Amino acid sequence: MRSTTTRDTRPRIIRRPHVLGSLAILAITPFALTACSGGGGAAAGGDAGTLTILDYYNNEPDKTLVGDALDRCADDVGVKIKRETVPGKDLIQKVLQQSSSKTLPDVLMLDNPDVQEIAATGGLSPLSDYGVDTSGFAKGILDAASYEGEVYGLAPTVNTLGLFYNEDLLAAKGITPPTTWDELKTAAAALTEGDTYGLAFSSIATYEGSWQFLPFMWTNGGDEADLTTPAVAEALQLQVDLVNSGSASKSVINWSQADVNDQFMAGKAAMMINGPWQIPALSADTNLKYGSVQVPVNKAGQTPVAPLGGEVWTVPVTGDKDKQAKAAKFVECISSDENQLALAEARFTVPTKTALAEQYVAKVPEMAAFTEQVANARSRTGELGEEWPEAATEIYTAIQLALTGQATPEEAFKQAAAG
Amino acid sequence: MSSGIAGASLQDRKTDQRSSGTDGGAPTKRTPAGAGRRSRRFRREDLIKLGFVLPAALYIVLFFGYPVVKNVTMSFQEYTTKTFFTGEAPWVGFANYVTVFSSQLFTPALLNTALFTAGSIAGQFVIGLALAVFFKRRFPLSSFLRAMLLLPWLLPLIVSSATWRSILDQDSGVLNAALGSIGLSGVPWLTSPSVALFAVVLVNIWIGIPFNVTILYGGLQDIPDELYEAGALDGATGWKAFRHITWPNLRPVVSVVLVLGVVYTIKVLDIILGLTNGGPANATQTLAVRSYQESFVNFEFGVGAAFSNILIVISLLFAIVYLRVNRRAVDE
């Protein structure tokens with residue numbers, strides 16, 4: 001009798017170790033299976049007049065806003081489109097799956113730091129093949145989309161980071177938005193009261209934490225090629241000071257940027273480092289009065305250098321020359337002046353053609369600080385290319401070590417570099 | 001000592017001997033029979049038998065054999081994003097394993113895996129057993145409460161971990177607020193490297209309790225009441241009854257629960273990703289988390305496969321223990 005229980009559970013459970021232990025491979029298996037069944041899928045993906053498109057704008061309002069731009073371009077180029085959207089975190093896995101099954105879409109959207117990695121696989125075709133004009137675009141975004149001297153994609157708009165502040169809380173203390181690190185520390189300390197912290201930022205142990213650290217690091221003259229310089233350590237010291245003095249929560253090491261925004265909107269942070277993609281959410285709360293400025297610099301006179309965010313549209317190698325040419329035209333269209341302004345205005349992002357900046361700020365004054373920030377912004381992969389993920393891992397590891405008191409900022413970067 | 005108790009433990013000892021005897025004898029008996037059947041020509045009956053075996057065999061080869069073999073070969077290859085497009089995965093021998101073993105995170109991850117597994121199992125089992133014994137008695141609402149105990153099992157893990165993350169939040173979490181109201185200072189549950197692993201273990205214990213209660217409760221139901229009656233007559237009640245009747249009779253079930261618990265716990269990924277993502281400062285890195293991050297964050301599938309192979313080998317050891325323990329239980 002006793003054995004019945006155990007015998008019943010055995011067949012189901014004993015296989016679990018294999019299943020879950022080989023997690024990585026299970027995720028790949030379906031890819032391999034599709035590879036067998038779907039060979040030559042690219043050609044079968046529709047008639048010659050239809051372009052397939054893959055992007056990660058799967059949430060409203062972005063889904064519709066980008067969809068409108070895509071529809072305009074479909075009319076322009078004279079093609080039909082078949083669009084697929086996937087969640088942001090699934091995009092690369094989807095692209096890898098499609099690469100191995102040769103079913104890449106005709107037009108592919110990629111987050112800009114991923115472009116070089118995918119271009120390096122040979123999966124993308126350079127835009128010069130189709131005579132696409134890439135002049136007039138901000139250097140930062142072209143750097144991100146370039147691999148071995150060739151431009152592989154264009155971004156209609158980009159974003160970056162800035163300092164948001166709660167106007168009511170600052171006004172109550174008579175504080176003006178800080179422009180230097182010292183002012184930032186003083187302001188954050190003064191604004192910390194009760195449940196409210198002076199400043200919120202994301203120092204999470206993912207690339208997101210590294211991205212939030214970059215404005216401080218780059219502005220201070222730090223460089224990802226050598227993370228053991230004093231300039232980099234100083235930037236980390238600023239975060240350590242803010243957390244240790246209690247002006248920022250110790251929880252910053254677990255906060256994503258969405259968490260940071262939640263804290264700010266709940267009135268639990270008087271200021272935050274975040275990007276303009278939060279503006280729709282912030283504006284939806286009519287009780288919240290907020291403003292934004294550029295990220296403070298270490299010493300007055302330094303130029304704030306923030307990282308460039310945003311998505312790039314590329315032309316994957318599908319083997320169908322005719323369609324690839326049409327796809328290139330399509331990519332060119334998405335980044336046309338008209339589309340840049342429309343998308344920038346609707347999505348609170350910044351046009352990538354520098355000539356459009358003035359016209360844009362006149363239309364959307366609240367984006368002034370971010371537009372200025374973008375002009376000097378750097379791309380994450382511009383210098384290190386495919387090596388960037390390793391540097392980014394070292395950065396967030398060091399941040400975590402320093403903010404948890406495991407090491408001083410200098411030591412933290414040395415330890416992180418040791419892997 | 002009472003006859004009932006002596007009888008129970010005697011029965012146990014006999015079982016041990018008997019089972020070890022069967023172990024040795026079985027193969028020698030089976031082999032000649034199999035050889036004889038093979039020498040005969042195929043009959044309709046054999047084909048039908050084959051028809052029953054084939055789907056299961058195919059399933060196992062396709063969904064267990066292939067992934068495991070592929071995972072092993074992958075761990076000897078430089079398998080990166082490029083591989084997906086070009087199909088080329090250069091053979092690199094043991095390079096991925098060298099990367100794994102020389103990584104600064106390997107030893108901490110291995111240690112954390114051990115601590116996480118041991119801590120979780122100990123907590124789950126002790127609390128689970130206590131609850132199972134408690135619910136053996138009938139009292140008003142007992143079956144309702146027992147059903148409610150399964151709740152953690154019913155929640156998607158991603159929901160549990162998100163909820164616990166907010167409960168354990170240092171500034172605005174419910175737990176620290178409760179501690180504060182009784183005059184204790186808040187604990188940096190998920191923000192201090194020295195506490196985070198403990199916090200993650202706590203959450204995993206909460207998740208694992210239903211499994212332990214369910215299996216152990218089932219085991220308790222199978223212990224005949226006569227043993228307790230006989231024991232009570234001889235003065236064995238309460239703790240003595242547990243020590244001399246419940247525990248010896250429950251032992252086969254206990255070993256199964258523990259071994260399955262290890263195999264379940266050692267590969268836990270979602271809870272850790274949801275709570276800390278391996279942080280703060282790598283304090284909650286385990287082999288499973290390393291495997292996931294190497295494969296799906298760094299896209300170093302070869303290194304990720306090497307990590308998961310190490311995990312598979314460890315799980316396999318426990319699976320073998322489980323099989324031996326289980327065979328004994330079945331023989332009984």
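## A sheet, two domains and a shared core

In this predicted model, β1(A) and β2(A) run parallel and are joined by 6 bridges. Two facing pairs can be picked out along these strands. A:Thr50 stands opposite A:Lys80 of β2(A). A:Asp55 stands opposite A:Thr85, again in β2(A). Together with α5(A), the strands β1(A) and β2(A) form a β-α-β unit, and that unit is right-handed.

The pair belongs to a wider sheet. This sheet of chain A is open and has 5 strands, in the order β2-β1-β3-β12-β6, with mixed pairing. Its edge strands are β2 (80-85) and β6 (153-154), each pairing on one side only. Strands of a sheet pair through backbone hydrogen bonds, either parallel or antiparallel. A helix also meets this part of chain A. Helix α15, residues 321-334, lies across β1, β3, β6 and β12 (311-314). The angle between α15 and β1(A) is about 55 degrees.

**Chain A as a whole**

Chain A contains 21 helices and 13 strands. It has 419 residues, and 52% of them count as buried. Take the contacts in chain A between residues at least 6 apart in sequence: 75% of these join residues at least 24 apart.

The domain assignment splits chain A into domain 1 (42-159 + 309-375) and domain 2 (162-306 + 384-417). Their centres, taken over C-alpha atoms, are separated by 29 Å. Where the two domains of chain A meet, 14 residues of domain 1 are in contact with 14 residues of domain 2. On the domain 1 side, α7 (115-120) and α18 (368-375) of chain A each supply at least two residues. Helix α18(A) gives the most to that side, with 4 residues.

**The nonpolar core**

The largest nonpolar core has 178 residues. The residues with the most contacts inside this core are A:Leu199, A:Ala200, A:Met271, A:Met272 and B:Val200. Helix α10 of chain B, residues 193-221, provides the largest share of the core, 14 residues. Chain A contributes from both of its domains: domain 1 and domain 2 each give at least three residues. In soluble globular proteins, nonpolar side chains tend to be buried together.

What does A:Met271 touch, leaving out residues up to four places away in sequence? Its partners are A:Leu163, A:Phe164, A:Tyr165, A:Ala188, A:Leu191, A:Gly198 and A:Leu199. One of these, A:Leu199, is itself among the residues with the most contacts inside the core.

**Backbone exceptions**

Most residues other than glycine have a negative phi, and most peptide bonds are trans. The table lists departures from that pattern.

| Place | Backbone feature | Angle |
|---|---|---|
| A:Glu60 to A:Pro61 | cis peptide bond | omega near 5 degrees |
| A:Lys102 | positive phi | phi near 55 degrees |
| B:Ala281 | positive phi | phi near 50 degrees |

Each place can be located in its chain. A:Pro61 is in the loop between β1 (50-55) and α5 (62-77) of chain A. A:Lys102 is in the loop between α6 (91-100) and β3 (107-111) of chain A. B:Ala281 is in the loop between α13 (270-275) and α14 (287-296) of chain B.

Is B:Ala281 buried or exposed? B:Ala281 is buried, because 27 other C-beta atoms lie within 10 Å and the cut-off is 20 or more. A:Lys102 has 19 other C-beta atoms within 10 Å, so A:Lys102 counts as partly exposed.

Notes. Residues are numbered from 1 along each chain as its sequence is written. Chains are lettered from A and ligands numbered from 1 in the order in which they are written. This is a predicted model: local features need pLDDT of at least 70, side-chain atom pairs count only at pLDDT 80 or more; totals for chains, interfaces and linings use all residues. A nonpolar core is a set of buried Ala, Val, Leu, Ile, Met, Phe, Trp, Tyr and Cys residues joined through C-beta atoms within 7 Å. A residue is buried if 20 or more other C-beta atoms lie within 10 Å of its own, exposed if 12 or fewer, and partly exposed in between; C-beta atoms are placed from the backbone. Domain bounds come from an automatic or database domain assignment. Two residues are in contact if their C-beta atoms, placed from the backbone, lie within 7 Å. Two strands pair if DSSP finds at least two bridges between them. Axes are lines fitted to C-alpha atoms, for helices over the stretch in contact, and angles run from 0 to 180 degrees between N-to-C directions. A crossover is right-handed if, with the strands pointing away from the viewer, the path from the first strand over the helix to the second runs clockwise.
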